[in-house]
Amino acid sequence: MNNSSDNLIEVRDLHFAYGARKILKGINLSIPRGKVVAILGASGVGKTTLLRLIGGQLRPDRGEVEIAGKIVHQLDETGLYELRRKMGMMFQMGGLFSDMSMFENIAFPMRELTDLP
């Protein structure tokens, strides 16, 4: 097992439910720095929910998600925005903004993250 300082993402005892429907029941996951990770599974098992918890779009019912030493659900709006600027996620069938051209999609992160004209 990796030392926690070697891990960029630590998910500990993560629980989440949509109402009475329990989706995640005590998930533990460590993702080392510099590794590419794919989350695979059957439809409805919680893959997208897990990614939304990691990205801070959802809050866990119990447990925590830590990224680069910061507990995601404890961050304020500014802290969450700063954290999100350092990460990228690719959701199935959602790789591009549908209302933007290909050029605008490619230019988006450059416009968002730099002062280039």
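**Exercise 1. Helix 1 and its packing**

Which residues of helix 1 (residues 47-54) are buried? State also what these residues pack against.

*Solution.* The model is a predicted one.

Step 1. Look for residues of helix 1 with under 20% relative accessible area, since that is what buried means. Thr 49, Leu 50, Leu 51, Leu 53 and Ile 54 are the buried residues of this helix.

Step 2. Look at what lies against them. The buried residues of helix 1 pack against strand 1, strand 2 (21-32) and strand 3.

Step 3. Look at what follows the helix. Gly 56 comes after helix 1, and its phi is positive, near 85°.

**Exercise 2. The overall layout**

Describe the order of the elements and the share of buried residues in the protein.

*Solution.* Step 1. Count the elements: the protein has 3 helices and 4 strands.

Step 2. Put them in order. Starting at the N terminus, the elements run β-β-α-β-β-α-α.

Step 3. Turn to burial and surface. The protein has 117 residues, and 26% of them count as buried. Its accessible surface is about 8,600 Å², and 54% of that belongs to carbon and sulfur atoms.

Step 4. Consider the contacts between residues at least 6 apart in sequence. Of these, 49% join residues at least 24 apart.

**Exercise 3. The largest nonpolar core**

Find the residues with the most contacts inside the largest nonpolar core, and the elements that contribute to this core.

*Solution.* Step 1. The largest nonpolar core holds 16 residues, and Leu 14, Leu 24, Ile 54, Val 65 and Ile 67 have the most contacts inside it.

Step 2. Two or more residues of this core come from each of strand 1, strand 2, helix 1, strand 3 and helix 2 (77-84). Strand 1 gives the most, with 4 residues.

Step 3. Take Leu 14 as an example. Setting aside neighbours within four places in sequence, its contacts include Leu 24 and Val 65, which are also listed among the core residues with the most contacts. Leu 14 also touches Leu 50 and Leu 53, two of the buried residues of helix 1.

**Exercise 4. Polar side chains of strand 1**

Classify Glu 10, Arg 12, Asp 13 and His 15 as buried or partly exposed, and list the polar contacts of their side chains.

*Solution.* Step 1. Glu 10 is found in strand 1. Its relative accessibility is 9%, so it counts as buried. Its side chain is joined to that of Asn 7 by a polar contact of 2.5 Å.

Step 2. Arg 12 belongs to strand 1 (residues 7-18). Its relative accessible area is 27%, so it is partly exposed. The side chain of Arg 12 makes a polar contact of 2.4 Å with the side chain of Glu 66. Beyond four places in sequence, Arg 12 touches Ile 27, Asn 28, Gly 63, Glu 64, Glu 66 and Ile 71. Its C-alpha atom is 8.6 Å from that of Ser 30, although the two residues are 18 apart along the chain.

Step 3. Asp 13 is also in strand 1. With a relative accessible area of 35%, it is partly exposed.

Step 4. His 15 lies in strand 1 and is buried, because its relative accessible area is 18%. Its side chain has a polar contact of 3.0 Å with the side chain of Asp 13 and one of 2.8 Å with the side chain of Arg 62. Outside its sequence neighbours within four places, His 15 is in contact with Leu 24, Lys 25, Gly 26, Pro 60, Asp 61 and Arg 62.

**Exercise 5. Positive phi angles**

Where in the chain are Asp 13 and Ala 68 found, and what are their phi values?

*Solution.* Step 1. Recall the usual case: most residues other than glycine have a negative phi.

Step 2. Asp 13 in strand 1 has a positive phi, near 45°.

Step 3. Ala 68 is in the loop between strand 3 (62-67) and strand 4 (70-71). Its phi is positive too, about 50°. Ala 68 is partly exposed, since its relative accessible area is 43%.

**Exercise 6. A nonpolar surface patch**

Which residues form a nonpolar patch on the surface?

*Solution.* Step 1. The patch is formed by Leu 96, Met 102, Ile 106 and Met 110. Together they have about 410 Å² of accessible area.

Step 2. Place one of them in an element: Met 102 is found in helix 3 (residues 102-113).

Key:
Residues numbered from 1 in each chain as written. Predicted model: local features only at pLDDT ≥ 70, side-chain atom pairs only at ≥ 80, totals over all residues. Heavy atoms only, no water. Patch = residues over 30% accessible without salt bridge, like charges linked within 9 Å, V, L, I, M, F, W, Y side chains within 5 Å. Areas by Shrake-Rupley, 256 points an atom, 1.4 Å probe, with all protein chains shown as cover. Salt bridge = Lys/Arg side-chain N within 4 Å of Asp/Glu carboxyl O. Buried < 20%, exposed > 50% of the residue type's maximum accessible area, 1.4 Å probe, protein only. Contact = heavy atoms within 4.5 Å. Polar contact = N/O pair within 3.5 Å; in protein donor to acceptor, adjacent residues only side chain to side chain. Core = buried A, V, L, I, M, F, W, Y, C linked by side-chain atoms within 4.5 Å.
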